[in-house]
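Biologist: I would like a careful look at one part of this protein, with the cut-offs spelled out as the terms come up. The rest can be brought in wherever it helps to place that part.

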Amino acid sequence: MNDFSEIEQELKKLRPAQPSHGFLARVEQAIADPEIGEDKIIRPNRFRRNWIALGVGVAAAALFLVLAQISTRHREKQSERIAQNPAATETRSTSANQFIATDATQVLYNTRDEGLHFTGGSEGPMRRLRYQTHQTWQWRNPATGASLRVSYPSEEIVLIPISGQ
């Protein structure tokens with residue numbers, strides 16, 4: 001038990017000293033009179049408006065809406081041009097040396113927006129979009145089982161008129 005009493009005596013020595021009466025009087029005076037310490041109080045500026053960040057946010061939202069409108073217009077035009085292969089769905093009487101188209105695929109692998117261009121004969125600027133695709137066509141001879149496949153890259157340029165508002 002002797003060890004604990006020594007530790008207790010050391011802890012009593014570590015207690016903080018009592019503040020002086022002069023210090024307590026100055027603190028009471030500063031609390032009672034708010035004009036004395038008003039300039040030394042730091043307050044956070046909670047509702048400060050950051051106009052630059054607000055402007056950048058509005059510009060980004062407007063750009064997103066413009067790009068979304070362009071992409072939906074392109075999808076509408078592209079859905080109208082769906083390729084159909086009537087030879088694959090129809091059955092015909094074929095001879096032994098005749099190939100029938102069985103498959104056609106078109107893979108879009110690069111879309112690039114080339115910005116605004118003034119083309120000859122147009123009244124205003126037009127947005128130029130470039131699409132690079134890879135098309136594959138396949139034919140099969142049902143009598144012999146032989147098949148023929150042809151693949152080639154292609155590029156399409158679409159001009160979308162820009163209307164001023």
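What is the relative accessibility of E114, and as what does E114 count?

Modeller: At 23% relative accessibility, E114 counts as partly exposed, a class lying between buried (under 20% relative accessible area) and exposed (over 50%), computed with a 1.4 Å probe on protein chains only. This is a predicted model, in which local features need pLDDT of at least 70 and side-chain atom pairs count only at pLDDT 80 or more, while totals for chains, interfaces and linings use all residues. Residues are numbered from 1 along each chain as written, and side-chain values use heavy atoms, leaving out hydrogens and water.

To place E114, it helps to begin with the overall order of elements. The chain has four helices and three strands, these being DSSP runs (H or I for at least four residues, E for at least two) numbered from the N terminus. Along the sequence the pattern reads α-α-α-α-β-β-β, so the helices precede the strands. Of the 165 residues in the chain, 11% are buried.

E114 pairs with R128 through a salt bridge (a Lys or Arg side-chain nitrogen within 4 Å of an Asp or Glu carboxyl oxygen), and the closest N and O atoms of the two residues are 2.6 Å apart. Because E114 belongs to strand β1 and R128 to strand β2, the pair ties together parts that are 14 residues apart in sequence. R128, with a relative accessibility of 25%, is also partly exposed. Salt bridges with shared partners join E114 and R128 with R112, R130 and E155 in one network.

A second link between the two strands is made by D113 and R127, whose salt bridge has its closest N and O atoms 3.0 Å apart. This pair too links distant parts of the chain, since D113 sits in strand β1 (residues 100–117) and R127 in strand β2, 14 residues away. The two partners fall into separate classes: D113 is partly exposed at 39% relative accessibility, whereas R127 is buried at 15%.

The model contains six salt bridges by this rule, and one of them lies in a helix, which offers a contrast with the strand pairs. K12 bridges to E8 with the closest N and O atoms 3.9 Å apart, and because the two residues are four apart in helix α1 (residues 2–13), about one helical turn separates them. Both ends of this bridge are partly exposed, K12 at 43% relative accessibility and E8 at 44%.

Strand β2 also takes part in packing of another kind. The largest nonpolar core (buried Ala, Val, Leu, Ile, Met, Phe, Trp, Tyr and Cys residues joined through side-chain atoms within 4.5 Å) consists of five residues, I70, L129, Y131, V158 and I160. Strands β2 and β3 are the elements that give two or more residues to this core.

Further along strand β2 comes T136, which counts as buried because its relative accessibility is 16%. The side chain of T136 makes a polar contact (N or O atoms within 3.5 Å, one able to donate a hydrogen and the other to accept it) with the side chain of S151, at 3.1 Å. Leaving aside residues up to four places away in sequence, T136 is in contact (heavy atoms within 4.5 Å) with D103, A104, T105, R149, V150 and S151. Among these neighbours, V150 is found in strand β3 and is partly exposed, with a relative accessible area of 35%.

Where β2 (126–140) gives way to β3 (147–161), N141 lies in the loop between them. N141 is buried, its relative accessible area being 3%. A polar atom of the side chain of N141 lies 3.1 Å from the backbone nitrogen of A143, and the N141 side chain also makes a polar contact with the side chain of T144, at 3.4 Å.

Returning to the part you asked about, E114 is partly exposed and, through its bridge to R128, belongs to a network that also includes R112, R130 and E155.
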